[in-house]
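Subject: Handing over the structure

Hi there,

Here is the structure I promised to pass on to you. Please open it alongside this email, and then read on at your own pace.

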Amino acid sequence: MTATTPRLKHEVKDLGLAALGRQRIEWAGREMPVLKQIRDRFAKEKPFAGIRLVACSHITTETAHLAIALKAGGADALLIASNPLSTQDDVAASLVADHEIPVFAIKGEDDETYKRHVEIALDHRPNIIIDDGSDVVATLVKDRKNQLSDIIGTTEETTTGIVRLRAMLNDGVLSFPSMNVNDADTKHFFDNRYGTGQSTLDGIIRATNVLLAGKCIVVAGYGWCGKGSALRARGMGGNVIVTEIDPIRAIEAVMDGFRVLPMAEAAPQGDLFITVTGNKHVIRPEHFDVMKDGAMVCNSGHFDIEIDLKSLGAKAKEVKEVRNFTQEYKLPSGKSVIVLGEGRLINLSAAEGHPSAVMDMSFANQALGCEYLVKNKGKLEPGLYSIPEDVDKDIARLKLEAMGIKIDTLTSAQIEYMNSWTSGT
Ligand SMILES: NC(=O)c1ccc[n+]([C@@H]2O[C@H](COP(=O)([O-])OP(=O)(O)OC[C@H]3O[C@@H](n4cnc5c(N)ncnc54)[C@H](O)[C@@H]3O)[C@@H](O)[C@H]2O)c1
């Protein structure tokens with residue numbers, strides 16, 4: 001469905017969905033006051049005048065606000081989806097029709113289309129890339145070396161993308177600065193923890209409408225996303241088991257009051273499994289074999305590799321769609337395993353992703369990270385850069401202000417005390 005409106009190339013499902021998208025984007029904006037302030041400033045200062053920018057992100061109402069802010073700042077921006085199942089088609093339509101932002105994303109696009117969209121994004125010859133999972137940056141580094149000199153820098157949204165960028169750095173192929181948005185405190189403390197926590201359960205509930213109270217819920221990985229998912233699963237009355245490979249994270253889970261078990265022991269006990277590790281094959285054939293009949297498995301980690309669905313598919317006698325985003329794999333033993341959201345991010349495939357209030361801070365980091373790259377063009381060595389601490393703190397301050405929450409400030413005596421070593425017992 002490639003199309004050209006009078007001026008704009010795009011590939012979205014249906015421009016007729018724009019009115020609904022517009023309404024939903026407006027609704028999300030109510031919870032995004034920090035990004036709104038940034039957008040108003042960008043509109044005056046035009047920090048991105050003359051800059052070609054590509055954003056590979058989940059095409060949601062919140063991403064729409066980021067794109068609108070970047071365009072207000074003068075960017076020639078183009079958007080593609082960072083996941084084949086996460087696109088909100090109405091939002092994509094509104095961005096094209098109402099904001100004249102080219103979007104190449106359709107919910108349910110196949111892998112080939114997804115990869116073609118990555119190529120289209122690179123054909124835009126970006127100076128700045130906002131990436132979520134590092135697919136665009138990895139393709140640039142591998143296949144578009146002739147474009148490396150165009151790049152001012154990139155920003156990365158998620159943990160898995162940061163892992164890939166570190167690997168590129170170790171291999172000596174990262175030849176430009178990249179802003180580590182994920183590790184900003186105002187990003188992962190809130191987005192990964194509370195955002196993933198709430199929206200993962202939201203996705204499970206929308207896909208299945210099952211009662212969570214009383215269910216044994218196994219959360220694989222007790223990182224930021226795992227902590228949020230386990231916390232919220234317990235809040236819904238689940239009896240939560242955590243699996244980990246890191247001894248410190250495992251102790252943390254124990255002291256937070258969760259049972260910690262290896263997956264082999266958790267597998268026969270769980271009614272519902274959530275993977276959020278960023279790792280591959282966390283749930284494997286030997287685990288499927290011992291699961292209860294009707295056990296449900298889903299993933300909220302970045303890629304659809306955490307559950308070994310290939311092996312499950314090879315084992316299954318039959319795979320049947322039993323609800324939207326819900327497939328039953330019938331095994332030769334007579335038991336079934338239920339897979340939600342095809343093993344892709346459940347919060348974005350079956351629900352709407354993170355609530356706007358957390359994305360307000362994540363995308364404030366993205367917007368300011370891009371501005372930092374442009375302001376420091378030519379001055380930064382290749383490598384991974386943290387969002388500057390003062391920017392991170394400013395975002396938190398603006399968020400608190402918008403929430404109407406005041407906090408204390410240090411007295412001069414306290415500042416003096418905190419900077420001295422002479423006063424002890
Ligand atoms: N669903 C979303 O919207 C969303 C949002 C943010 C991040 N993510 C993604 O979620 C994943 C996790 O992100 P995070 O920020 O929590 O990362 P993290 O690094 O903080 O946590 C991952 C945890 O998984 C553990 N782990 C690794 N392999 C494991 C295994 N085989 N079994 C059990 N535990 C294992 C690690 O020890 C670590 O504690 C990443 O892929 C990230 O990109 C998804």
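Below is a short tour of what was found in it.

One thing to keep in mind from the start is that this is a predicted model.

**The ligand and its surroundings**

A good place to begin is the ligand. It is surrounded by 28 residues, and the closest of them are Thr158, Thr159, Thr160, Glu244 and Ser300. Three of these make polar contacts that you can look up directly. Thr158 brings a polar side-chain atom to 2.6 Å from an oxygen atom of the ligand. In the side chain of Glu244, an N or O atom is 2.5 Å from an oxygen atom of the ligand. Ser300 takes part through its backbone instead, where an N or O atom lies 2.8 Å from a nitrogen atom of the ligand. On its own the ligand would expose 850 Å², and the protein buries 88% of that.

Which elements give two or more residues to the shell around the ligand? They are helix H7 (159–170), helix H8 (185–208), helix H9 (224–235) and helix H14 (346–349). Of these, H8 gives the most, with three residues.

**Positions listed as a binding site**

UniProt, in an unreviewed entry, lists Thr60, Asp132, Glu157, Lys187 and Asp191 under "binding site". Two of them are worth a visit here: Glu157 and Lys187.

Glu157 sits in the loop between strand S7 (153–156) and H7. Is Glu157 buried or exposed? With a relative accessibility of 5%, Glu157 counts as buried. Beyond its close neighbours within four places in sequence, Glu157 is in contact with a good number of residues, among them Asp132, Lys187 and Asp191, which also appear in that UniProt list. Others that Glu157 contacts include Met359, Ser362, Phe363 and Gln366.

Lys187 belongs to helix H8 and is buried as well, at 2% relative accessibility. Setting aside residues up to four places away in sequence, Lys187 touches Glu157, Thr158, Val181, Asn182, Asn192, Ser362 and Asn365. The link to Glu157 can be described more closely: the side chain of Lys187 reaches the backbone oxygen of Glu157 at 3.1 Å.

**The annotated domain and its sheet**

Residues 192–353 are listed by UniProt, again in an unreviewed entry, as "domain: S-adenosyl-L-homocysteine hydrolase NAD binding". This span is 36% helix and 23% strand, and its end C-alpha atoms lie 11 Å apart.

Next, have a look at the open sheet of eight strands, which has mixed pairing and runs in the order S11-S10-S9-S12-S13-S16-S15-S14. Strand S11 (259–260) and strand S14 (318–323) are at the edges and have a single partner strand each, so one side of each has no neighbour in the sheet.

Strand S9 (residues 216–220) has five of its five residues buried. Cys216, Val218 and Ala220 point one way from S9, while Ile217 and Val219 point the other way. S9 runs parallel to strand S10 (residues 239–243), and five bridges join them; here Val218 stands opposite Ile241. Elsewhere in the sheet, strand S15 (residues 326–330) and strand S16 (residues 336–340) are paired antiparallel over five bridges, with Gln327 opposite Val339.

**Helix H4 and the loop before it**

The last stop is Asn83, in the loop between strand S4 (76–81) and helix H4 (89–99). Asn83 is buried, with a relative accessible area of 4%. Apart from residues up to four places away in sequence, Asn83 touches His58, Tyr114, His302, Arg344 and Leu345. Tyr114 is 31 residues from Asn83 in sequence, and their C-alpha atoms are 7.7 Å apart in space. A polar atom of the Asn83 side chain also lies 2.8 Å from the backbone nitrogen of Leu85.

Why is H4 described as largely enclosed by the rest of the structure? Eight of its eleven residues are buried, so that description follows. The buried residues include Asp89, Asp90 and Val91. Among the elements that cover them are strand S2 (9–11), helix H1 (18–29), helix H3 (61–72), S4 and strand S5 (103–104). Just after H4, Glu100 has a positive phi of about 55 degrees.

Enjoy exploring it!

Best wishes

Definitions and conventions
Residues numbered from 1 in each chain as written. Predicted model: local features only at pLDDT ≥ 70, side-chain atom pairs only at ≥ 80, totals over all residues. Heavy atoms only, no water. Helix = DSSP H or I, 4+ residues; strand = E, 2+ residues; numbered from the N terminus. Buried < 20%, exposed > 50% of the residue type's maximum accessible area, 1.4 Å probe, protein only. Contact = heavy atoms within 4.5 Å. Polar contact = N/O pair within 3.5 Å; in protein donor to acceptor, adjacent residues only side chain to side chain. UniProt positions renumbered as here; feature names shortened; annotations may be inferred. Pairing = 2+ DSSP bridges. Near = heavy atom within 4 Å. Areas by Shrake-Rupley, 256 points an atom, 1.4 Å probe, with all protein chains shown as cover.
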